[in-house]
Amino acid sequence: MIDLKDVSKRFVDHVVLDHIDFHVADGQTVALLGPSGVGKSVLLKHIIGLIIPDAGLVSVDGLNVASLKRKDLAQLRTRIGYVFQNGALFDSMDVKENIRLGITNEELYSDAGYCESRVKECLRLVNLQPEVAAKFPSELSGGMRKRVGIARAIAGKPKYLLYDEPTSGLDPVNSDVIDGLVERLQEELGVTSVVVTHDVRGAFRVADKIALLWQAKIRAVGTPEEIVASKDSAVQQFLERDLEMALIQSESTDGSDV
Amino acid sequence: METAGGTGLDLRRVAGRWSLRTAGHAGRFAYFLLDMVRSLAEWRIWVPRTFEQAILVGYGSIFIVLLIAGFAGAVTSLQTGYQFSNQFPKYIAGGIITESVILELGPVLTGLILAGRIGARYAAELGTMRVTEQIDALESLGRSPMSHLLLPRCLAGMLVIPALVMFANATGFGVGWFAAKSSLGITNADFIYGARFFFRSFDLWYSVIKSFFFASAVVLIPCYIGYNTQQGAEGVGRATTDAVVSASIAILLLDVVLTQILLTGTQ
């Protein structure tokens, strides 16, 4: 269970999170929606302890993330898989080594046979061919890099998966593939997931629950149906804006096809 | 009056900001070193990576280090000939060349060139890893950037740089001897006599001690600056430049301090 209570964070004079409450129950997939630059990734990084809140409590499995000792925090992080916005793959290592680093159990990490089979399994789960294992990140497309990032995040069999903009920078086709992957991993692995995105369609496809981060506050939380039915002007404005973007995107795709 | 008051206020503000920033860096650098010491316990991780880095840095730097040491030895020899010919016995050239290379030119020139080569490399590597979230990714996997990235780089530098300085000393001495023979017409016996006459075994220790301190400046400062890089590609460029400049200044300062402490006290 992930729980943020009354969390605030500011960078110099800019308030990014203002008394945020955010809750994710075990087995749930929650999409955190919001415009670009609103602080969604900052909130996600609080969950894994990469950023410490100025005020409030961030707890995962009942542990206060900000007050954990180094070893305990490292231990907690082995239960959380984090998919970075641009993949954040180690460019001096091939795909195999990148995914192998995701195996957080040291004994298993040292077992070459296990690592070999786990890397293959993770590549299969993200729909990549085993031959990709020998490639370097610079040889991969944007979509493949994101999938390798997901493979690395699931290699350690985490309980939680945190996705930071998994479809940003991808064309609609690849975005769909990644959304499908998030959905399938949720079904196959049964993990608890938080998906940070500004893509409304993707969020509605993968999430059990949606939260809208707007001007440093959680403006609305609910099931996709509840969000659609919301009378809140900010929610309606955000949903309409995304619909317009979707129309522009589909028009430009049609145009490029001609 | 207003302008003078305003300027005074500005200066106080600038001095205040500079002091705060310096104190902030000092605190973060101390914590950085402490964190590194604590990570020594994770030796299974950093030992193999240290050897990889040592081989990478050692092989990659040896050519430029020997080249510069060779030229330094030759130039010292030629200048000694220019300044002292016909005034002193020729064997003195052996002493001057040997002592100049071992006490100063070998460690300082090697330190400065490696601040550019290794320091820039470390700062750019770590800076790029920071701005592309690779360091965050490592942390998110429950792995320590200290034992995976920083400790291997720093220890490799501290192992390899003193060794490179010794090679530089030997090369500078050898080339200086050859140049002295060619340009000053000094005999091997005179050169060796002069070198041995002025040589004290402590000189070599002094060179080793200096090179160890210079190695620390060459690796620790760039690693700290690279690790704390911010603001994308521009930040990486700035970090790389800052790392080389800061490491070079640190080497020159250490040179003065160590000379004062180690050589003045032994006279």
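Which residue in β5(A) stands opposite Val60(A)? I looked this up before anything else, and found that Val60(A) stands opposite Leu63(A).

**Ground rules.** I noted that this is a predicted model, in which local features need pLDDT of at least 70 and side-chain atom pairs count only at pLDDT 80 or more, while totals for chains, interfaces and linings use all residues. Residues are numbered from 1 along each chain as its sequence is written, and chains are lettered from A and ligands numbered from 1 in the order in which they are written.

**Around β4.** I followed β4(A) to its partners, remembering that two strands pair if DSSP finds at least two bridges between them, and that helices (H or I, at least four residues) and strands (E, at least two) are DSSP runs numbered from the N terminus. Strand β1 (residues 2-11) of chain A pairs with strand β4 (residues 55-60) of chain A in the antiparallel sense over five bridges, and Ser8(A) stands opposite Ala55(A) there. Two bridges join β4(A) to strand β5 (residues 63-64) of chain A, again antiparallel. This hairpin has two residues between its strands, and I saw that Asp61(A) takes a positive phi near 55°.

**The open sheet.** I then traced six strands of chain A that form an open sheet of mixed pairing, in the order β6-β7-β8-β3-β9-β10. Its edge strands are β6 (80-83) and β10 (217-222) of chain A, each of which pairs on one side only. From one strand to the next the twist averages 15°, where axes are lines fitted to C-alpha atoms, for helices over the stretch in contact, and angles run from 0 to 180 degrees between N-to-C directions. At the β6(A) edge, four bridges lead to strand β7 (residues 160-164) of chain A, and the two run parallel; Val83(A) stands opposite Tyr163(A).

**Domains.** I checked how chain A is divided, and found domain 1 (2-79 + 159-257) and domain 2 (89-149), with bounds that come from an automatic or database domain assignment. Their C-alpha centres lie 25 Å apart. Nine residues from domain 1 of chain A and eight residues from domain 2 of chain A take part in the contact, which requires C-beta atoms, placed from the backbone, to lie within 7 Å.

**Chain B.** Finally, I looked at where the chains meet: 14 residues of chain A are in contact with nine residues of chain B. On the chain A side, helix α2 (residues 70-77) gives the most, with three residues.

Key:
Contact = placed C-beta atoms within 7 Å.
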